[in-house]
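Please open the model in your viewer and keep a selection panel at hand, as this tour goes from one selection to the next and says what is there each time.

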There are 4 protein chains.
Amino acid sequence: MNEMQKDELTKALHDCMEACNHCYDACLEEEDVKMMSACIRLDRECADFCGFVEQAVSRDTPFLEELLNVCATICKACADECRGHSHDHCQHCAQMCDKCAEVCASFTA
Amino acid sequence: MNEMQKDELTKALHDCMEACNHCYDACLEEEDVKMMSACIRLDRECADFCGFVEQAVSRDTPFLEELLNVCATICKACADECRGHSHDHCQHCAQMCDKCAEVCASFTA
Amino acid sequence: MNEMQKDELTKALHDCMEACNHCYDACLEEEDVKMMSACIRLDRECADFCGFVEQAVSRDTPFLEELLNVCATICKACADECRGHSHDHCQHCAQMCDKCAEVCASFTA
Amino acid sequence: MNEMQKDELTKALHDCMEACNHCYDACLEEEDVKMMSACIRLDRECADFCGFVEQAVSRDTPFLEELLNVCATICKACADECRGHSHDHCQHCAQMCDKCAEVCASFTA
């Protein structure tokens, strides 16, 4: 992985972590929190894992491929859940998760 | 801090982290999730911080006092929120948070 | 996974995290730190991941199998490195990592 | 804290986390690892805490001030250690830590 690829990966992980935490925060403020409970849960899972991987990338972890594989899975699950909700924060989160899943997958082929 | 004190601190942090994450999980399953939104939020804050401090203790962090001060503050805030809800998981979480706050404070005098 | 299994898994992850962070700490105090650099690095990787998974288990993560798979891989790598060093902290760490890898693997079959 | 301030804070925390992990990684590759052991240790402390705070900021933690206070302390300690080593990665890390400490402190007055 060259520096440009590392920057692309770091950016995707970071944007995803931020979007997930923002969505988590906003879901907890919605009128119908109950409807958002799966979204809240996945947002946290995804934010925590992306945050972890971002750190691991920055210290040149020897387990990059294994981490990116799981990361793509978690991002896809979170994107699928978010996509089903019409709130702006959910739609934005779905996009960032899809993007991150795609970038992670591109480095594990 | 001797080994016995370290074990006491580690146990308090760990029990608190587990109780908070269990309460977080259970709150998201409640009928009235909206009423639990502050509790969900504080459970995550508290679980994440206690988990962080537990790791920091196990690597003999030079910032123990600073971390324990903040930890006591977060645990107290989470205990205060949980105490107001009658669910068993909230009451249990309040107890573990109070205990953890007390143990953290005892090592920062 | 029943409660007894969850406790077994949590204990294995926790003991491994503690052993890795203790080994990390002790390696940095050794006379020949250079010889320990791979050990220091893997100790951190393994401690951080086990700590993450322990939290994920306590909040009933839907990604348990994926996380345990990676965790077993990381624990094995750390065990293999530690096993080659004669220090007590390395030998103890190798044992805890082997044990954790085994427990993780037993829940992913 | 408005959006521009939040972005400034997030950037400072992120740059510091990256510089610390890069320095940690590079220190472990140096000829004289023993001389770098305090630096390795503080790099990890600082990277882990900055990474934690970055996540906390992105979910609008209610404990921002407490976290930023500790963060400034940790960043200053890491900067002081790194400044004493002539390696480029240490000098760069010292700068990022100083900057992050300054930004954290500016939001806790």
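Begin by selecting chain C and chain A together: the count between them is four salt bridges, a salt bridge being a side-chain nitrogen of Lys or Arg within 4 Å of a carboxyl oxygen of Asp or Glu. Before going further, note that this is a predicted model, in which local features need pLDDT of at least 70 and side-chain atom pairs count only at pLDDT 80 or more, while totals for chains, interfaces and linings use all residues. Residues are numbered from 1 along each chain as its sequence is written, chains are lettered from A and ligands numbered from 1 in the order in which they are written, and side-chain values use heavy atoms, with hydrogens and water left out.

**Chain C against chain A**

Now show the side chains of C:Glu45 and A:Arg59, which meet in a salt bridge at 2.8 Å, N to O. Which elements give two or more residues to the side of chain C that touches chain A? They are α2 (37–58) and α3 (64–83) of chain C, where helices are DSSP runs (H or I, at least four residues) and strands likewise (E, at least two), numbered from the N terminus. The largest share of that side, eight residues, comes from α2(C). If you colour the side of chain C by class, you will find nine nonpolar, three polar and six charged residues; here Ala, Val, Leu, Ile, Met, Phe, Trp, Tyr, Cys and Pro count as nonpolar, Asp, Glu, Lys and Arg as charged, and the others, Gly among them, as polar.

Widen the selection to the whole interface, where 18 residues of chain C are in contact with 18 residues of chain A, contact meaning heavy atoms within 4.5 Å. The two chains bury about 1,700 Å² between them, 67% of it on carbon and sulfur atoms; buried area is the accessible area (1.4 Å probe) that two parts lose on being put together, summed over both. In chain C, the residues that lose the most area to chain A are C:Glu45, C:Arg59 and C:Phe63, together 36% of what that side buries.

**Helix α4 of chain C**

Next select residues 88–106 of chain C, which form helix α4; its 19 residues should span 27 Å at 1.5 Å a residue (the expected span being 1.5 Å times one less than the number of residues), and its end C-alpha atoms are 27 Å apart, which agrees. Among the buried residues of α4(C) are C:Cys90, C:Cys93, C:Cys97, C:Cys100 and C:Cys104, where buried means under 20% relative accessible area, exposed over 50%, and partly exposed in between (1.4 Å probe, protein chains only). The buried residues of this helix pack against α1 (3–27), α2 and α3 of chain C.

**A loop in chain A**

Move to A:Asp60, in the loop between α2 (37–58) and α3 (64–83) of chain A. Its phi is near 55°, a positive value in a residue other than glycine. Most residues other than glycine have a negative phi. A:Asp60 is partly exposed, with a relative accessible area of 43%.

**Chain B against chain D**

Finally, select chain B and chain D, whose contact takes 18 residues from each of them. The count of salt bridges between chain B and chain D is four, and one to display is that between the side chains of B:Arg59 and D:Glu45 (2.8 Å, N to O).
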